[in-house]
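Subject: A structure for you to look through

Hi,

Here is the structure I promised to pass on to you. Please open it next to this email and follow along as you read.

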Amino acid sequence: MRLLVLGAGYIGAKLGELALGQGHEVVLADNWFATERSQLDGLAAAGARVETADIREDLGGLLTGRPDVVYLLAAQASRPLSERDPDYTEQTNVTGTRRVGSAVGQAGVPLLVFGSSLHVYGGGLTGDVGPETPYGPQSDLAHLSKIYGEQALAIEAARHGFGLAVMRLGIVYGPSPVEHDAAESQTVVDKFRRRAAVGDELPLDDGGRATIGVVHIEDAARILLEAKPGTENVAAETMTVAEVAAFARREKVCEPAAFTFASPFSYRHRVADYLGG
Ligand SMILES: NC(=O)c1ccc[n+]([C@@H]2O[C@H](COP(=O)([O-])OP(=O)(O)OC[C@H]3O[C@@H](n4cnc5c(N)ncnc54)[C@H](O)[C@@H]3O)[C@@H](O)[C@H]2O)c1
């Protein structure tokens, strides 16, 4: 199959690596906002075509060969950066996302897979949280824009008749061909793993009560590669940040999370194994 990955960052690069390994034709496109082109050299050597493209603008020739699947993983994904640069965040995640949906529809691509987030549910959750759970209040533009993105792409999918897979990802952890050094681009599992390895403090805002869904990058990439139209959560486990810290410190795990992100997929990786707890 011919796959176009828009956003050759942490998740896009791992998806590209997996797809190449399965014999797919892979184009990785990015505007190099958070990723350096040279980080893709290994995947280019393995057969990926690496292109420069900005989703705020025309995608040019990227859709002319009509890929079988387009993965939309290009985004300004960082909460701190969304506070420092709200305009860029909106231009990419709002206008850019809608424009990709429109271009995919006009090109007759059969399937668009969108990298959304479990954050769309907001806070104060209980019980099983799944795609039928309503959207909740948001506290930053990087995550608020996921709700707009899901809805704008659904409008384009209905208008043009393409399949839309909305994949609401938990915090992704584990090694990828593209990893970011900037503190604001690192997520909690890998951040705690690195800090615990050198004996640094693990900062717990609000006592670590925040609850997150987590998924290893290998599981996330495999699930994205096999995505079908519909909306699903992509999270192997639901845990509090305090639990992640306990695993990283190899301590006894404290109080469990008050709710669970429901997900229909099978998962091969667990945080406890990754953090050695
Ligand atoms: N990593 C996670 O834990 C996680 C969790 C939930 C959701 N997500 C979502 O999954 C998607 C991919 O996340 P990631 O971790 O790979 O992030 P990432 O920052 O590593 O990758 C995003 C890529 O998009 C590129 N980009 C930014 N603006 C662009 C533009 N205007 N045009 C083209 N490319 C642009 C960046 O340079 C970067 O390479 C994002 O939408 C993110 O919100 C990620």
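Below is what I found, taken one region at a time. Please keep in mind that this is a predicted model.

**Around the ligand**

A good place to start is the ligand. Which residues come nearest to it? Of the 29 residues around the ligand, those are Gly9, Thr35, Ala75, Ala77 and Gly115. Two or more residues of this shell come from each of α1 (10-21), α4 (86-107), β5 (111-117) and β8 (171-173). The top contributor is α1, which gives three residues. By type, the shell divides into 15 nonpolar, 11 polar and three charged residues.

**Strand β5 and its partners**

Next, have a look at β5, one of the elements that line the ligand. Is this strand mostly covered or mostly open? It is mostly covered, as seven of its seven residues are buried. Leu111, Val113, Gly115 and Ser117 point one way, while Leu112, Phe114 and Ser116 point the other way. Both sets are buried.

As a reminder, strands of a sheet pair through backbone hydrogen bonds, either parallel or antiparallel. β5 pairs with β4 in the parallel sense over four bridges, and you can find one of the partnerships between tyrosine 71 and valine 113. β5 also pairs with β7, again in the parallel sense, over seven bridges. There, the bridge partner of glycine 115 is methionine 167. Glycine 115 may look familiar, since Gly115 was listed among the residues that come nearest to the ligand.

**Helix α5**

How far apart are the end C-alpha atoms of α5? The helix runs over residues 141-160, and at 1.5 Å a residue its 20 residues should span 28 Å. The end C-alpha atoms are 28 Å apart, so the two values agree.

Several residues of α5 are buried, including Leu141, Leu144, Lys146, Gly149, Leu153 and Glu156. It helps to recall that an α-helix has 3.6 residues a turn, so residues three or four places apart point the same way. The cover over the buried residues of α5 includes α3 (79-84), α4, β5 and β7 (163-169). Just after the helix, glycine 161 takes a positive phi of about 80°.

**A three-stranded sheet**

Now turn to the open sheet in which three strands follow the order β8-β9-β11, with mixed pairing. β8 and β11 (237-240) stand at the edges, each with a single partner strand, so one side of each has no neighbour in the sheet. On average, neighbouring strands here are turned by 40° against each other, direction ignored. β9 and β11 pair in the antiparallel sense over four bridges, and isoleucine 212 has methionine 239 in β11 as its bridge partner. α6 packs on this sheet, where it touches β8 and β9. The direction of α6 makes about 45° with that of β8.

**Two residues with positive phi**

Finally, two residues other than glycine are worth finding in the loops. Arginine 66 has a phi near 45° and sits in the loop between β3 (49-52) and β4 (69-72). With 13 other C-beta atoms within 10 Å, arginine 66 is partly exposed. Aspartate 206 has a phi near 55°, and its place is the loop between α6 (188-197) and β9 (211-216). Why does aspartate 206 count as exposed? It does so because it has 8 C-beta neighbours inside 10 Å, and a residue is exposed if that number is 12 or fewer.

Enjoy exploring, and write back with any questions.

Best wishes

Notes:
Residues are numbered from 1 along each chain as its sequence is written. This is a predicted model: local features need pLDDT of at least 70, side-chain atom pairs count only at pLDDT 80 or more; totals for chains, interfaces and linings use all residues. A residue is near a molecule or strand if its C-beta atom, placed from the backbone, lies within 6 Å of it. Ala, Val, Leu, Ile, Met, Phe, Trp, Tyr, Cys and Pro count as nonpolar, Asp, Glu, Lys and Arg as charged, and the others, Gly among them, as polar. A residue is buried if 20 or more other C-beta atoms lie within 10 Å of its own, exposed if 12 or fewer, and partly exposed in between; C-beta atoms are placed from the backbone. Two strands pair if DSSP finds at least two bridges between them. Axes are lines fitted to C-alpha atoms, for helices over the stretch in contact, and angles run from 0 to 180 degrees between N-to-C directions. Two residues are in contact if their C-beta atoms, placed from the backbone, lie within 7 Å. The expected span of a helix is 1.5 Å times one less than its number of residues.
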